[in-house]
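Open the model in your viewer and keep the selection tool at hand. We will go from the whole chain to its cores, then to some individual side-chain pairs.

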Amino acid sequence: MGWGGRRVLRDRNVVFYLSGVVVSGFGTSAMALAAGVWAKSLTGSDSLAALTTFCVWAPTLLGPLIGTLADRTRRRPLLIWTNLGMAAVLLPLLAVHSSGQIWVLYAVLTVYGVSGVLLDAAEAALVAAAVPETLRGDFNGLRMTANEGMKLVAPLLGAGLFVQFGGVGVALLDAATFLLAAAAFALMRVAEPAPRPATSRRWAADTAEGIRHLRHHPVLRRLVLAGAATMGMAGLNGALIYAVVDAGLHRSPAFAGVLYAVQGTGSVLSGLCAGALLRRMPERAFAASGITVFALGLVLRTVPSVPVGLLASALIGIGLPCVLIAAMTAVQRETPSELLGRVAATANTLLFAPNAVALAAGAGLVALVDHRVLLLAAAAVATTAAAGCLLGGRGRASAPRREESVPEEAAGTERETAGGAEAPRDPR
C-alpha cells in the first residue's frame with residue numbers, strides 16, 4: 001500500500017485544481033479572522049463581531065437549493081466565473097471605514113457564504129470528471145490537508161495584514177486569491193458533458209431530487225448522518241475549549257492557540273494518509289475508525305494534564321477529518337453526474353450545519369454543566385455514530401477496493417460518474 005499522492009499530483013488537472021483550492025482557502029481563512037476583528041474595531045461590539053461568522057455560515061442551510069445551480073451548468077466555467085465575481089464583490093469593502101458602513105461588510109460576507117456553498121458543490125462535482133475513481137480518496141485527503149494547512153498559516157498573515165493595513169489590506173489579498181483561483185481552474189482541461197435537461201422546470205423539484213438520492217442511498221445516508229453527529233460534537237468541543245484551558249489545564253486563554261495548532265497538524269497528517277487507508281478498508285470502516293479516535297480525544301481532554309491535553313488535540317485532529325473524507329469520496333462515486341452538485345451541497349449542509357448549532361448550544365451549556373461531563377457526553381454520541389457506520393448499510397461503498405494503477409494517458413480526460421449506486425461499475 002503506497003501513498004497515492006504522487007500519482008495524483010502527476011495529473012495536471014489535479015495540480016491546477018488543488019492550486020485553486022489552496023489559494024482560495026488561504027484568502028478565505030485570512031478573511032474569516034479579519035472580518036470579526038474588523039467589525040469589533042469599528043463597533044466595539046462582541047455581538048456584532050460574532051455576526052460576521054453567522055453571515056458566512058447561514059447560507060450553508062440553503063445548500064441543497066444553491067447546489068442545484070451547480071447541476072444546471074458546466075462546473076469548470078461556473079468555478080471560473082464565480083471566483084471572478086467574488087473578486088469584484090469584495091471591492092465595496094474598500095469603502096468601509098466607520099461603524100455606519102458595517103452593513104456593507106455583512107452584505108459582502110453573506111454573498112461570500114452563498115458563493116462558498118456554490119463553489120464547494122461545483123468543485124466536488126468537477127472531481128468526478130477530473131480525477132480517476134481509484135485516486136479520489138488520495139485527492140480528497142490532499143484537499144483536506146491543503147485546507148487544514150491554510151488554516152494554520154493564513155489567520156496569522158491575515159492578522160498581520162489587518163494590523164498593518166486594516167481590513168482593506170485583507171480584502172485586497174482575498175480578492176487576489178479569488179483571481180488566482182479562477183486562473184487555476186481556467187488552466188484545467190476537462191471534457192465536461194453538457195448538462196442534462198432538467199427533469200422539472202421547478203427549482204424546488206430539482207432540489208428535492210438531490211435530497212431523495214441522499215436519503216434513499218443506504219451507504220451515503222449512514223455516512224452523512226454519522227458525519228453530522230460527529231461534526232455536531234466537534235462544535236460542542238469547540239465551545240468548551242476555553243473551559244478546558246482554564247479549568248482543566250490551568251493555562252491562559254492564549255494556550256487555546258497551541259491546542260488548535262496541534263489539532264490542525266493532526267488533520268494535515270490524517271489527510272495525507274487517507275487515500276492509502278481508503279484503499280485498504282471500506283469508507284464506513286475508515287469513517288468509524290476516525291470517529292472512534294476523535295471520541296478518544298474527547299475523553300482524554302477531561303484529564304487535567306498538559307501532555308495529555310496535547311495528545312487529545314492531536315487525536316481529535318487525526319480522527320475528525322476521516323468521516324468527512326469518507327463521506328465526500330462515497331458521494332462522488334455513488335452519485336450520477338447530473339445530481340452531484342445538489343447531493344454534494346446537501347451533504348455539506350448536513351455535515352456542517354450541526355457544527356454551528358452545537359457551537360452555539362455549547363456556549364450556553366458550559367455555564368451550567370461541568371465541561372468534563374459535556375466532553376464525555378460528546379464522546380458517547382460520537383461512539384454511537386461510529387457504531388452506526390458499521391451496522392448494516394452494506395453496498396458498493398462498503399466493499400473493499402483493490403489498489404490499481406491508473407494509466408498516465410487517462411489523466412485529464414473525461415471521466416463520468418456511473419448512473420447511480422445501482423449502475424454497473426468495473427470492479428475495484
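Begin with everything selected: of the 428 residues in the protein, 54% are buried, where buried means under 20% relative accessible area, exposed means over 50%, and partly exposed lies in between (1.4 Å probe, protein chains only). This is a predicted model, in which local features need pLDDT of at least 70 and side-chain atom pairs count only at pLDDT 80 or more, while totals for chains, interfaces and linings use all residues. Residues are numbered from 1 along each chain as its sequence is written, and side-chain values use heavy atoms, with hydrogens and water left out.

Now switch to a cartoon view. You should find 15 helices and zero strands; these are DSSP runs numbered from the N terminus, with helices (H or I) of at least four residues and strands (E) of at least two. Turn on the surface next: the accessible area comes to about 17800 Å², and 68% of that belongs to carbon and sulfur atoms. Such areas come from the Shrake-Rupley method with a 1.4 Å probe, and for residues only the protein chains shown count as cover. If you draw contacts (heavy atoms within 4.5 Å), take those between residues at least 6 apart in sequence: 86% of them join residues at least 24 apart.

**Stop one: the cores**

Which residues touch the most other members of the largest nonpolar core? Select Leu-223, Phe-286, Ile-291, Phe-294, Leu-298, Val-331 and Cys-389, which hold that place in a core of 58 residues. Helices H6 (102-130), H9 (218-239), H10 (241-248), H11 (255-278), H12 (283-300), H13 (306-334), H14 (340-365) and H15 (371-390) each supply at least two residues of this core. H13 gives the most, with 12 residues. A nonpolar core here is a set of buried Ala, Val, Leu, Ile, Met, Phe, Trp, Tyr and Cys residues joined through side-chain atoms within 4.5 Å.

Zoom in on Val-331. Setting aside neighbours within four places in sequence, Val-331 is in contact with Leu-220, Leu-340, Val-343, Ala-344 and Ala-347. Then move to a second, separate core of 57 residues, which includes Ala-30, Trp-38, Met-86 and Ala-181.

**Stop two: helix H10**

Select H10 and show its side chains. Ile-241, Ala-243, Val-244, Val-245 and Gly-248 are buried in this helix, and the buried residues of H10 pack against H9, H11 and H15. After H10 comes His-250, whose phi is positive, near 55 degrees.

**Stop three: aromatic pairs**

How many aromatic pairs does a search of the whole structure find? There are two. Rings of Phe, Tyr and Trp (its six-membered ring) pair if their centres lie within 6.5 Å, with planes under 30 degrees apart counted as stacked, over 60 as edge-to-face and the rest as tilted.

For one pair, select Tyr-17 and Phe-185: the ring centres are 5.8 Å apart and the planes are at 85 degrees, so this pair is edge-to-face. Tyr-17 sits in helix H2 (residues 12-43) and Phe-185 in helix H7 (residues 136-186), so the pair ties together parts that are 168 residues apart in sequence. Tyr-17 is buried, at 2% relative accessible area, and Phe-185 is buried at 0%.

For the other, select Tyr-112 and Phe-178. Their ring centres are 5.7 Å apart with planes at 70 degrees, so this pair is edge-to-face. Tyr-112 belongs to helix H6 and Phe-178 to helix H7, so parts 66 residues apart in sequence are tied together. Tyr-112 and Phe-178 are buried.

**Stop four: salt bridges**

A search of the whole structure finds three salt bridges, each a side-chain nitrogen of Lys or Arg within 4 Å of a carboxyl oxygen of Asp or Glu. Select Arg-333 and Glu-283, whose side chains meet at 2.9 Å, N to O. Arg-333 lies in H13 and Glu-283 in H12, so the bridge ties together parts 50 residues apart in sequence. Add Glu-334, which meets Arg-333 at 3.0 Å, N to O; Glu-283, Arg-333 and Glu-334 are thus displayed as a linked network of salt bridges. Are these residues buried or exposed? Arg-333 is buried at 2% relative accessible area, Glu-283 is buried at 0%, and Glu-334 is buried at 0%.

Finish at Arg-372 and Asp-370, whose salt bridge spans 2.9 Å, N to O. Here Arg-372 is partly exposed at 42% relative accessibility, and Asp-370 is partly exposed at 33%.
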